[in-house]
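Here's a quick tour of ring contacts and pocket lining for anyone about to set up calculations. Have the structure open while you read.

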Amino acid sequence: MSSASKLSPKSLPKSPLDFQWDCIRQNIGTWHGSFSQFSPSGELVKDTPSVLTLEETDPGKMMVLTLERFPEAGEKKINRLTFTAPGPAPYTYYFESGAFSQGSAQWSSFGQFAIEVSLKVGDRRVRYVIMYEGTSHYTSQLKYVTLICETQEGGTQFVEKSLSAELLLGKWEGSAKVIYSTGEPFTTGTSQWQMRKDLALSCQEQFDDRTQVLSVASDVEGTVSSETMIQLKATEENQLDYQLMLLSNGAYCLLPQEIKRETAFRVEVGWVSAQGDRQRLIRYYDTRGVWTNTALINDQQTSLLKK
């Protein structure tokens with residue numbers, strides 16, 4: 001008898017669908033929070049309290065998501081979605097912690113380009129909805145960012161303050177877990193982030209035989225300011241300009257100011273906890289505007305830079 005035939009059903013490896021379903025289960029429960037929408041310049045436009053409930057109605061087969069929003073003016077709005085494996089929408093991938101990423105698999109300058117990502121630690125999570133709008137110049141510009149900070153019913157409340165650039169300074173190192181758009185198995189890698197006091201930023205992620213690099217710098221003379229929006233110019237050829245949006249509860253976004261044809265780009269969100277740990281989630285797009293992979297990064301500050 002072969003060794004394979006001796007395996008019990010419980011010892012067999014899970015299929016990708018079963019694994020994804022287990023990851024989705026990390027989000028089961030009732031989540032209390034709010035939808036805070038910010039303009040491209042970082043100004044708060046509106047804030048809408050919300051309650052989201054995810055329940056598994058048929059074990060291993062079906063879940064129901066119910067979202068209630070309570071606008072300041074008007075009646076409560078309810079949206080309900082029933083879904084089966086592999087998940088609630090195409091091109092949605094979950095990590096073991098319950099963090100997830102979904103969005104357009106192909107950028108186009110025609111119409112809207114949307115991404116939703118979520119970071120999760122214990123009974124708290126931070127979700128982001130990022131929306132770009134196409135222009136007549138065959139580019140896309142940021143339309144809005146919605147930050148959704150949620151706590152499970154009876155869970156730990158947010159104690160983090162609005163993020164400042166000063167908290168992101170220095171050298172950060174960490175580990176990455178990567179999902180590919182092709183459905184390949186998870187892979188792992190490393191990450192480095194360096195931000196100087198003059199707001200020059202360099203990022204590098206390595207996984208498998210691939211290296212992703214971003215190098216940008218502020219074009220404003222001086223050092224760290226109290227601004228919640230920092231414009232960062234590309235310092236290498238064939239890169240876009242970016243903007244760093246500093247948000248509430250330790251959250252931030254690092255986004256292209258304008259998405260252009262034939263230029264690779266990334267969309268990054270991050271969350272710095274009160275303990276100083278950070279999570280980052282990055283969606284990468286190649287020069288064709290095709291989504292290639294997503295990295296979930298856990299890192300810590302390892303040193304402060306002198307300049």
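Let's start with one tyrosine: Y138 has a relative accessibility of 44%, so it counts as partly exposed. Bear in mind that this is a predicted model.

**Rings meeting rings**

There are 13 aromatic pairs here by the ring-centre rule. Y138 belongs to one of them: it meets F110 edge-to-face, with 6.1 Å from centre to centre and 75° between the planes. The two partners come from distant parts of the chain, 28 residues apart, with F110 in the loop between β6 (100-103) and β7 (112-121) and Y138 in the loop between β8 (124-134) and β9 (140-152). And F110 itself? With 60% relative accessibility, F110 is classed as exposed because the cut-off for that is over 50%.

Another pair to look at is F158 with W271, which is tilted because the planes sit at 45°, with the ring centres 5.7 Å apart. F158 is in the loop between β9 and β10 (170-180), whereas W271 is in strand β18 (residues 265-272), so this pair ties together parts that are 113 residues apart in sequence. Are these two rings buried or exposed? F158 is buried at 18% relative accessible area, and W271 is buried too, at 3%. Both values fall under the 20% cut-off, so both rings get that label.

Here are the two pairs side by side:

| Pair | Centre to centre | Angle between planes | Geometry |
|---|---|---|---|
| F110 and Y138 | 6.1 Å | 75° | edge-to-face |
| F158 and W271 | 5.7 Å | 45° | tilted |

Rings also gather in a group: F113, Y132, F265 and Y285 make up one aromatic cluster.

**Charges over rings**

Two arginines are worth a look as well. R125 lies over the face of W31, 4.3 Å from the ring centre. R278 has its charged end over the ring of W193, at 4.2 Å from the centre of that ring.

**The largest pocket**

Now for the open space. The largest pocket holds about 440 Å³. It is lined by 23 residues, and the closest to its centre are L52, L65, Q102, E116 and R127. Which elements give two or more residues to the lining? They are β2 (44-58), β3 (62-69), β4 (77-84), β6 and β8. Of these, β4 gives the most, with 4 residues.

As for chemistry, the lining of the largest pocket breaks down into 14 nonpolar, 4 polar and 5 charged residues.

Technical notes:
Residues are numbered from 1 along each chain as its sequence is written. This is a predicted model: local features need pLDDT of at least 70, side-chain atom pairs count only at pLDDT 80 or more; totals for chains, interfaces and linings use all residues. Side-chain values use heavy atoms; hydrogens and water are left out. Rings of Phe, Tyr and Trp (its six-membered ring) pair if their centres lie within 6.5 Å; planes under 30 degrees apart count as stacked, over 60 as edge-to-face and the rest as tilted. Buried means under 20% relative accessible area, exposed over 50%, partly exposed in between (1.4 Å probe, protein chains only). A charge sits over a ring if NZ of Lys or CZ of Arg is within 6 Å of the ring centre and within 35 degrees of the ring normal. On a 1 Å grid over the protein atoms alone, a cavity is a set of points where a 1.4 Å probe fits but cannot get out, and a pocket is an open set with protein on both sides within 12 Å along at least five of seven lines; lining residues have an atom within 4 Å of a point. Grid points are joined across faces, edges and corners, and a volume is the space filled by probe spheres set on the points. Ala, Val, Leu, Ile, Met, Phe, Trp, Tyr, Cys and Pro count as nonpolar, Asp, Glu, Lys and Arg as charged, and the others, Gly among them, as polar.
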